[in-house]
Amino acid sequence: MKGLFKNKPRLPGEIVRQTRDLIALAESEEEVIDSRYSKRLGICAELCRNIRDLKSILYGNSEAEPVPEACLMLTQEFFREDTLRPLIKSIPKLDLEARKDATQIVANLQKQQVESRLVASEYLESNLDVIDSLVEGIDHDHELALHYTGMLKECVRHQVVAKYILESKNLEKFFDYVQLPYFDVATDASKIFRELLTRHKSTVAEYLAKNYEWFFAEYNSRLLEKGSYFTKRQASKLLGDVLMDRSNSGVMIKYVSSLDNLRIMMNLLREPTKNIQLEAFHIFKLFVANEKKPEDIVAILVANRNKILRLFADLKAEKEDIGFETDKSLVMNEIATLSLLDIKTADR
């Protein structure tokens with residue numbers, strides 16, 4: 001007889017609606033601290049179970065793969081009425097496992113399509129304050145920060161989100177986030193920072209062209225000159241990738257025409273760690289390869305010729321790298337033959 005009264009499986013849309021209601025109920029119960037405390041515990045337990053069920057629909061479980069139709073129903077209901085915002089807001093109040101599940105749900109929803117549309121991108125375009133809350137969340141304590149970076153890493157894949165962060169005050173916060181004392185959080189923040197500056201090429205090129213002076217003043221002073229080993233290495237590698245991207249050619253020429261920038265690279269070449277030296281070399285070679293070197297750049301290269309050549313003679317890649325050796329040879333040859341007479345050629 002027992003088997004006759006099994007609970008009917010809940011549809012994905014129903015679980016989403018119940019989750020939304022439970023979040024609202026938990027918030028209202030939190031405002032009143034009285035004998036209903038035990039009731040609130042029950043609400044939170046049910047909420048955590050629902051979140052776990054939502055994750056199972058999107059990711060599958062040990063017994064079954066995710067069903068596309070179920071994922072579609074869940075996604076449609078999630079964005080039909082705003083469930084993303086309250087779910088993110090509820091994360092600090094959830095237990096650890098539910099936080100992990102909620103983070104994975106938000107991340108997964110960024111990839112779900114409805115009729116070939118990324119509905120999460122459309123939603124975020126109209127609700128950019130959700131991105132503000134994710135960015136601000138990274139400044140929370142260690143454990144919470146990892147959940148916010150986990151969600152934001154997927155959100156910045158949307159061009160509209162990347163553009164918003166680049167053009168808002170949110171970007172400035174990443175100069176601090178990539179240097180947070182927690183290595184895992186700083187690593188996640190560095191990945192997001194890199195995504196912002198490399199994925200959406202036209203957006204990045206436009207942003208850097210409009211904000212060149214502010215951006216590189218901050219980048220140089222806060223990441224390349226004063227940062228830790230980890231910060232300097234990550235920042236120099238990212239800078240090299242940005243400058244060598246064809247879509248940023250105008251920005252690259254401007255950067256390698258600056259004497260202050262050259263001095264920063266020369267200081268990085270003198271760092272005691274080979275990894276930073278190697279990353280700095282890949283940027284330094286752009287200064288040397290510039291066919292229209294400004295007068296002050298040529299003068300500094302000539303004045304420091306012997307020091308630079310001695311340094312490069314000992315500089316080797318971690319593993320055999322024919323490309324690196326070729327580049328180094330060309331740079332050394334260019335510097336060895338450089339003359340102040342080249343200033344006149346550069347000015348033509």
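Here is a short walk through this structure, one selection at a time. Keep in mind that the model is predicted.

**The whole chain**

Start zoomed out, with everything shown as a cartoon. You should find 21 helices and two strands. Turn the model around a little: along its principal axes, the C-alpha trace spans about 95 × 45 × 40 Å. The radius of gyration is 26 Å, while a compact globule of 348 residues would have one near 20 Å.

Now switch on the surface. The protein exposes about 18500 Å², and carbon and sulfur atoms supply 52% of that. Buried residues make up 48% of the 348 residues. If you like looking at contacts, take those with a separation of 6 or more: 70% of them come from residues 24 or more positions apart.

**Two domains**

Next, colour residues 10–97 and 217–347. These are domain 1 and domain 2 in the domain assignment. How far apart do the C-alpha centres of the two domains lie? The distance is 52 Å.

**Leu-96 and a partner along the chain**

Select Leu-96, which sits in helix 5 (residues 96–109). Leu-96 has a relative accessible area of 41%, so it counts as partly exposed. Then add Leu-144. The two residues are 48 places apart along the chain, and their C-alpha atoms are separated by 9.4 Å.

**One side of helix 9**

Move on to helix 9, residues 159–167, and show the side chains of Val-161, Ala-162, Ile-165 and Leu-166, which are buried. Look down the axis: these four cover an arc of only 130 degrees, so they lie on the same side of helix 9. What do the buried residues of helix 9 pack against? Bring up the neighbours to see: helix 6 (119–126), helix 7 (129–137), helix 8 (142–155), helix 10 (170–177), helix 11 and helix 12 (201–210).

**A buried asparagine**

Now pick Asn-248, in the loop between helix 14 (229–243) and helix 15 (249–255). Is Asn-248 buried or exposed? Its relative accessibility is 3%, so Asn-248 counts as buried. Leaving aside residues up to four places away in sequence, Asn-248 touches Val-204, Ala-205, Leu-208, Val-242 and Leu-243.

**Aromatic rings**

Time to show every Phe, Tyr and Trp side chain. Searching the whole structure turns up 18 aromatic pairs. Zoom in on Phe-193 and Tyr-219: their ring centres are 6.3 Å apart and their planes are at 20 degrees, so this pair is stacked. The pair joins distant parts of the chain, with Phe-193 in helix 11 (residues 183–198) and Tyr-219 in helix 13 (residues 212–224), 26 residues apart. Phe-193 is buried at 3% relative accessibility, and Tyr-219 is buried too, at 1%.

For another arrangement, go to Phe-281 and Phe-312. This pair is edge-to-face, with 5.3 Å from centre to centre and 85 degrees between the planes. Here again distant parts of the chain are linked: Phe-281 belongs to helix 17 (residues 274–289) and Phe-312 to helix 19 (residues 305–314), 31 residues apart. Both Phe-281 and Phe-312 are buried.

Finish by selecting Phe-174, Phe-175, Tyr-177, Phe-193, Tyr-207, Tyr-212, Trp-214, Phe-215, Phe-216, Tyr-219, Tyr-255 and Phe-287 together. They form one aromatic cluster, and among them are Phe-193 and Tyr-219, the stacked pair you have just visited.

Methods. Residues are numbered from 1 along each chain as its sequence is written. This is a predicted model: local features need pLDDT of at least 70, side-chain atom pairs count only at pLDDT 80 or more; totals for chains, interfaces and linings use all residues. Side-chain values use heavy atoms; hydrogens and water are left out. Rings of Phe, Tyr and Trp (its six-membered ring) pair if their centres lie within 6.5 Å; planes under 30 degrees apart count as stacked, over 60 as edge-to-face and the rest as tilted. Buried means under 20% relative accessible area, exposed over 50%, partly exposed in between (1.4 Å probe, protein chains only). The arc is that of the directions from the helix axis to the C-beta atoms. Contact means heavy atoms within 4.5 Å. Domain bounds come from an automatic or database domain assignment. The radius of gyration is taken over C-alpha atoms; the globule rule is 2.2 Å times the number of residues to the power 0.38. Accessible areas come from the Shrake-Rupley method with a 1.4 Å probe; for residues, only the protein chains shown count as cover.
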